[in-house]
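The following paragraphs consider how parts of a single chain are arranged against one another. The reader is invited to keep the coordinates at hand while following them.

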Amino acid sequence: MGKTITIAPVTRLEGHAKVTIELDDAGNVADTKVQIVELRGFEKFCIGRPVEELPRILTSICGVCPWSHHLASAKTTDAIFGVTPPPAGEKLRRLCNAAAFTEEHILHFFFLAGPDFVMGPDADYKERNVFGIAAANPEIGQKVIRNRHLGARILNIVSGKSIHPVTAVPGGFSKPLTETERKASLEMAEEVLEFSKWAIAWAKEDIFPKYLDAVKTIGVIETGFLGTVTEDGTMDLYDGKFRLMKPDGSYEDFEPADYTDYIEEKVLPWTYLKFPYAKSWGEGFSIDSENPKGMYRTNTLARLNVADKLATPLAQKELEEYRETFGRPVQLTLLYNWARLIELLHNAEYMVELLNDPEITSKETRVPVEPRAARGVGCVEAPRGTLIHDYETDEDGIVTNVNLIVGTTHNNGPINMSVNQAARTLIKDGKYDEAILNMVEMAIRAYDPCLSCATHRLDSTIAVKVKIVGPDGEEVATFTN
Amino acid sequence: MKAADMDKDGLGLPLWAGARSIILGCGNILLGDDGFGPGVARYIEENLDIPPDICVLDVGTTVRKILFNLVLGDKPERLVIVDAIDRGRNPGEVFEVPLDDLGPILRSDDYVSHLGPTSNLLFDLRNERGIEIRILACQVSETAEYLGTPLTPAVEASIPAAAEVALELAVSSERD
């Protein structure tokens with residue numbers, strides 16, 4: 001029996017993910033597992049509630065991506081009630097989605113993944129954070145903070161409440177936008193657009209070229225992809241049909257409501273989180289990084305792979321350049337970060353477009369609804385991947401069944417594959433050190449995973465501990481961070 | 001001052017803009033005693049007189065976003081973090097936790113954006129930005145594992161007194 005390296009939280013209650021690397025007797029990687037804790041009791045909690053409460057309740061599931069759940073839930077209730085929001089209602093939802101995307105993508109790139117690239121993966125951990133960026137580039141630090149904040153301010157203006165939103169309701173949007181609010185938001189959106197243009201230009205010039213070797217090697221796997229597009233194949237982050245693409249680039253499009261005909265969820269005994277896979281491919285299920293079956297990814301990399309084009313001109317130009325360099329579909333996991341900046345630009349352009357649309361200040365933002373027995377499916381692209389909400393109600397509009405597939409769940413298999421690939425690449429002949437942790441973390445961090453928004457008590461920090469256990473179960477060595 | 005009152009021009013100013021102290025009630029209201037922090041924030045807003053230079057926010061599970069904003073932007077003198085904790089004390093007991101008692105800086109704490117309030121960020125806010133950090137915690141009775149679990153009676157009963165303490169911490173300063 002070989003050794004087991006565990007990158008784990010101190011206890012299950014304090015942390016939300018555990019990475020286990022098992023070595024064979026030769027000291028090479030035999031197996032890896034990424035165990036993610038899934039929030040439990042969700043379905044039980046929702047059943048028996050009036051369905052119109054869900055868009056408001058579900059924002060408490062996730063404090064970082066509440067808008068995605070809020071909008072997916074509102075769309076699901078539209079389907080349940082059999083209504084279509086008026087154009088202004090939909091446009092206001094789309095505007096909030098775009099603003100939330102800009103906020104999230106700026107946060108992820110500059111605060112989370114970015115420091116690895118800006119300071120370098122070998123930089124001292126104490127410098128490899130946003131303070132390090134600010135110290136090295138004070139002007140950049142201020143720009144980042146300001147523009148991330150502008151996204152939140154636009155949400156506050158448009159919806160009245162950016163934290164745990166309530167404004168998307170069954171049938172539309174509860175708060176029309178005034179002309180004063182529109183102008184103020186437009187000014188901010190234009191500033192975010194300028195920042196987004198700068199961000200991708202700066203990253204292409206100063207950041208990504210330095211790490212192309214890492215991009216081409218770390219966490220690289222081969223999977224299919226899932227995203228949302230319009231009838232003509234244009235990426236749409238709010239509504240459209242699903243496009244499920246195979247690794248060879250061929251694809252099939254289908255209505256989100258039919259997702260169960262294409263996607264199934266596998267349960268494995270060593271983790272609570274399920275593994276969605278493409279059952280429609282007919283190849284079965286496997287998360288073996290060298291022989292995957294049915295695996296597909298979501299999130300930025302996937303969306304840019306499945307879309308034929310983007311609806312906004314500057315982002316479309318960036319996409320064309322990105323494809324000239326990397327082709328289509330792109331499998332390089334660390335390019336999630338490049339794709340993220342293209343999406344940031346797209347969402348900034350889209351905010352400006354919507355805020356220049358005269359229809360967005362219409363007072364007709366919602367339609368009335370009547371309860372009925374129905375099933376409804378509502379989907380949006382969340383910053384972290386395709387989000388599916390699926391509810392059933394009785395004739396009084398009371399929830400009888402709920403199913404959610406969130407972005408990270410779709411990526412559960414691929415995350416496992418990327419960790420396996422990274423570990424196999426980095427650990428040979430029993431040689432490993434703390435630097436490996438960072439590389440494995442980079443592979444996971446690229447997916448911007450939602451590692452559960454359950455307890456987050458003050459003491460719920462994750463203590464990363466790499467424990468090496470000998471064949472007899474005795475601890476041989478420990479690295480802690 | 002209540003959070004809503006700080007949005008003077010109705011155009012989405014940061015809710016904490018200009019505040020000398022910010023009280024952040026942190027926790028998931030759907031997960032039992034984890035809802036302590038939001039409960040305290042709501043109690044303060046509904047029952048206590050809030051000085052004009054103090055901002056109280058029920059931030060739920062979104063506290064990291066606000067902390068990120070404070071990293072390099074406009075900053076208060078003091079943050080009061082109100083949250084649930086398990087330190088093996090009597091359920092419902094309310095006590096201050098010195099920031100340094102949260103343990104060493106953990107690189108994994110920046111792993112993803114969903115965890116908070118992260119001790120890494122709090123250390124950085126104190127050490128890099130000079131913000132005074134006060135942590136007011138309540139010992140949980142149990143850790144909820146399922147959505148929809150309510151506050152336990154012991155923790156719920158502690159909210160009014162905790163609210164008074166939180167406001168006092170926001171008003172006073174360890175430098176005073």
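In this predicted model, helices H7(A) and H11(A) cross with a left-handed sense. The first of these helices spans residues 179-207 of chain A and the second residues 336-355, and their axes come within 8 Å and cross at roughly 155°. Because angles over 145 degrees count as roughly antiparallel, H7(A) is described as roughly antiparallel to H11(A).

The residues that form this contact can be located on both helices. On H7(A) they include Arg182(A), Leu186(A), Ala189(A), Glu190(A), Leu193(A), Lys197(A), Ile200(A) and Ala203(A). On H11(A) the participants include Leu341(A), Leu345(A), Ala348(A), Glu349(A), Val352(A) and Leu355(A). Sorted by class, the contact of H7(A) with H11(A) has 15 nonpolar residues, two polar residues and four charged residues.

A second contact appears at the level of domains. The domain assignment of chain A gives domain 1 as 4-38 + 416-480 and domain 2 as 221-331. Where these domains of chain A touch, domain 1 supplies twelve residues and domain 2 supplies ten residues. Which elements give two or more residues to the domain 1 side of this contact in chain A? They are strand S3 (29-36) and helix H13 (412-426) of chain A. H13(A) gives the most to that side, with five residues. By class, the side of domain 1 of chain A that touches domain 2 has four nonpolar, five polar and three charged residues.

Technical notes. Residues are numbered from 1 along each chain as its sequence is written. Chains are lettered from A and ligands numbered from 1 in the order in which they are written. This is a predicted model: local features need pLDDT of at least 70, side-chain atom pairs count only at pLDDT 80 or more; totals for chains, interfaces and linings use all residues. Domain bounds come from an automatic or database domain assignment. Two residues are in contact if their C-beta atoms, placed from the backbone, lie within 7 Å. Helices (H or I, at least four residues) and strands (E, at least two) are DSSP runs, numbered from the N terminus. Ala, Val, Leu, Ile, Met, Phe, Trp, Tyr, Cys and Pro count as nonpolar, Asp, Glu, Lys and Arg as charged, and the others, Gly among them, as polar. Axes are lines fitted to C-alpha atoms, for helices over the stretch in contact, and angles run from 0 to 180 degrees between N-to-C directions. Angles under 35 degrees count as roughly parallel, over 145 as roughly antiparallel, 65 to 115 as roughly perpendicular and the rest as oblique. A crossing is left-handed if the near helix is turned anticlockwise from the far one by less than a right angle, and right-handed if clockwise.
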